[in-house]
Amino acid sequence: MILPGKRFEFILFLVLLGLLYIAIELSRRGIRVPKIREFAALQAIPEAIGRAAELNRPVHISTGIGGLSDEWAPMTIAAMAILRSVVEYCGKLGVPVKYFCIRAHMLPAMQDLVRGGYVRGGRPERYSEDMVEFVGDGQQRALMAAMMGYISREKPAVNILLGATFYETYISLGCGAVQGCLQIAGTPRLYYQGILVALADYPLIGQELYAAAAKVSGNPPDLGSIAGQDYNTVVCLILIVVTTILATVGSKLWSMLLSW
Amino acid sequence: MSWIRRREICILLYVIPAAIILINHFSGSLGPVTSEIILWASTLATFAILLGVISLFQHHLTVLARQRRGWPYSIILLASFLTTFAFNYIYPTAYDFIINRLLASLQMALLAYVGFYSYTLFFRASGTKNPYVLVLLVAILLGLFYNLPMRDVIWTGWGPLGKWVNDVPNTGGMNALLIGVGIGTLALFIRTILGYEEAYLGG
């Protein structure tokens, strides 16, 4: 049984989930495959990696301090989906990658992701265990120090910061800007949208990170999920308009629904 | 048993706990199981730290053995790690000193960089050729004047204007972004439970 006060939330959850599922299925079966606009950040990846290869400099990638076992997991998963293709490009061109791991449980997954990228890129021999370096579990300051030291010393050509990022956004992008790195950054975290726009050459604002993660794979189900997000946004907009009217006319219907 | 493939098991290991936690959120009927799952997650995370420490030692011992650039820093790191670890068990007073006096001070020094980069953000932003930056710069200026102690001396309108910008467009924009993020999270969740999203499994 659904708890009192959560029934409307549950119905809304099912409606939103159902719309997403329908959009994914329609796309998967080829009935309605949506066309998704291009993301400048994704288009810039091959060019950026090519630049790194020409300059013979490494690429620094980061998923921030978010992990896979906390509330930030969806952001980290979306970031990993994009970084997967970044590493594949690096593998194709033989460009070294550096990733500082701040979550111990992510270490094997990230090592596998980077190794897999070099294998798919056709240069597995260029992969080195050093590319993924553990700096302390949940130690944000250690991550910040490691990032700042690496970017200042090695001067990577490209600095990519995606996922659930916190204070390290300032350090990574600030330091990257000083060193002249080409910067691609994206986080759905609210407080860091301004710094992304100001310091990243190619920012992914808000939910663009999720859409870009779906876009990067190019699979019809993933593209369908973006169309599903649009359907959900329409539902939310209708709800906002209806509730605004209800509140304006002094109706108690909305508060009744929330406490149902 | 060929149907049991590694990826499918991994996806199930994601889906089953997620479903249990979700059911408990709405029904409240799986409280003990949810607590157990969260406890398991913490236990597994503790084992993962061991993996991380092994990786850390492997990396820095390799740096030392091959005398790579910056190898003296590896000595400092390993010595600091072993000293702190040992003091925690042998001499807790020294351990407290390291954490409260040395580490805390170093961390504060590092955090000062956040302040530096955030204060210089305005100047960096002004040099960026991006139309959105103009909005950011105007917002920064409004925020600065709104929080200025002498704002009313300059112009009495800064207070109401800043408050309106903060309460109306800022809160509206933040909420819109939050709704978008929530929907994006839901989309990623359904892609993951249907097995279309596999990036979190690595390679």
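This is a short walk through a predicted model with chains A and B, starting with chain A as a whole and ending where the two chains meet.

Hi everyone, thanks for coming. Let's begin with the overall picture of chain A. Its secondary structure comes to 10 helices and six strands. Along the principal axes, the C-alpha trace of chain A spans about 65 × 40 × 35 Å. Of the 260 residues in chain A, 55% are buried. If you take the contacts in chain A with a separation of 6 or more, 71% of them come from residues 24 or more positions apart.

Now to the first helix on my list. Helix α1 of chain A covers residues 7-28, which is 22 residues. From first C-alpha to last, α1(A) reaches 31 Å, close to the 32 Å expected at 1.5 Å a residue. Which residues of α1(A) are buried? They include A:Phe8, A:Phe13, A:Leu16, A:Leu17 and A:Leu20, and also A:Glu25. After α1(A) comes A:Gly30, which has a positive phi, near 80°.

Please keep A:Glu25 in mind for a moment. The side chain of A:Glu25 meets that of A:Arg29 in a salt bridge, at 3.3 Å from N to O. Are these two partners buried or exposed? A:Glu25 counts as buried because its relative accessibility is 11%, under the 20% cut-off. A:Arg29, on the other hand, has a relative accessible area of 59%, so A:Arg29 is exposed, the cut-off there being over 50%.

Let's move on to the strands. Strand β2 of chain A, residues 97-101, is mostly covered, with five of its five residues buried. On one side you have A:Val97, A:Tyr99 and A:Cys101, on the other A:Lys98 and A:Phe100, and both faces are covered. What does β2(A) pair with? Strand β1 of chain A, residues 59-64, runs parallel to β2(A) and is joined to it by three bridges. One of the pairings there is A:His60 with A:Lys98. Between those two strands the chain passes through helix α3 of chain A, residues 73-93, in a right-handed β-α-β crossover.

Three bridges also join β2(A) to strand β3 of chain A, residues 132-134, and that pair runs parallel too. Here A:Phe100 has A:Glu133 as its bridge partner in β3(A). The chain gets from β2(A) to β3(A) by way of α4(A), and this β-α-β crossover is right-handed.

That brings us to helix α4 of chain A, residues 107-120, where A:Gln111 is found. A:Gln111 counts as buried, because 15% relative accessibility falls under the 20% cut-off. Which residues does A:Gln111 touch, once we leave aside its neighbours within four places in sequence? Those contacts are A:Tyr127, A:Glu129, A:Val132 and, from the other chain, B:Ser55. By contrast, the C-alpha atoms of A:Gln111 and A:Gly176 are separated by 24 Å, with their positions 65 residues apart along the chain.

In α4(A) there is also a salt bridge between A:Asp112 and A:Arg115, with the closest N and O atoms 3.4 Å apart. Why can these two be described as about one helical turn apart? It is because they are three residues apart in helix α4 of chain A. The background is that an α-helix has 3.6 residues a turn, so residues three or four places apart point the same way. A:Asp112 is partly exposed, with a relative accessible area of 22%. A:Arg115 is partly exposed as well, at 32%.

Finally, the interface. Here 74 residues of chain A are in contact with 58 residues of chain B. The two chains bury about 5,700 Å² between them, and 72% of that is on carbon and sulfur atoms. In chain A, the residues losing the most area to chain B are A:Ile77, A:Arg141 and A:Leu190, together 11% of what that side buries.

How many salt bridges cross this interface? There are three between chain A and chain B. One of them joins A:Asp130 and B:Arg68, at 2.1 Å from N to O. B:Arg191 also forms a salt bridge with A:Asp222, the closest N and O atoms being 3.3 Å apart. That pair goes from helix α7 of chain B, residues 158-193, to helix α9 of chain A, residues 220-248. Both partners are buried: B:Arg191 has a relative accessible area of 1%, and A:Asp222 has 2%.

Thanks for listening, and I'm happy to go back to any part.

Key
Residues are numbered from 1 along each chain as its sequence is written. Chains are lettered from A and ligands numbered from 1 in the order in which they are written. This is a predicted model: local features need pLDDT of at least 70, side-chain atom pairs count only at pLDDT 80 or more; totals for chains, interfaces and linings use all residues. Side-chain values use heavy atoms; hydrogens and water are left out. Helices (H or I, at least four residues) and strands (E, at least two) are DSSP runs, numbered from the N terminus. Buried means under 20% relative accessible area, exposed over 50%, partly exposed in between (1.4 Å probe, protein chains only). Contact means heavy atoms within 4.5 Å. The expected span of a helix is 1.5 Å times one less than its number of residues. Two strands pair if DSSP finds at least two bridges between them. A crossover is right-handed if, with the strands pointing away from the viewer, the path from the first strand over the helix to the second runs clockwise. Buried area is the accessible area (1.4 Å probe) that two parts lose on being put together, summed over both. A salt bridge is a side-chain nitrogen of Lys or Arg within 4 Å of a carboxyl oxygen of Asp or Glu.
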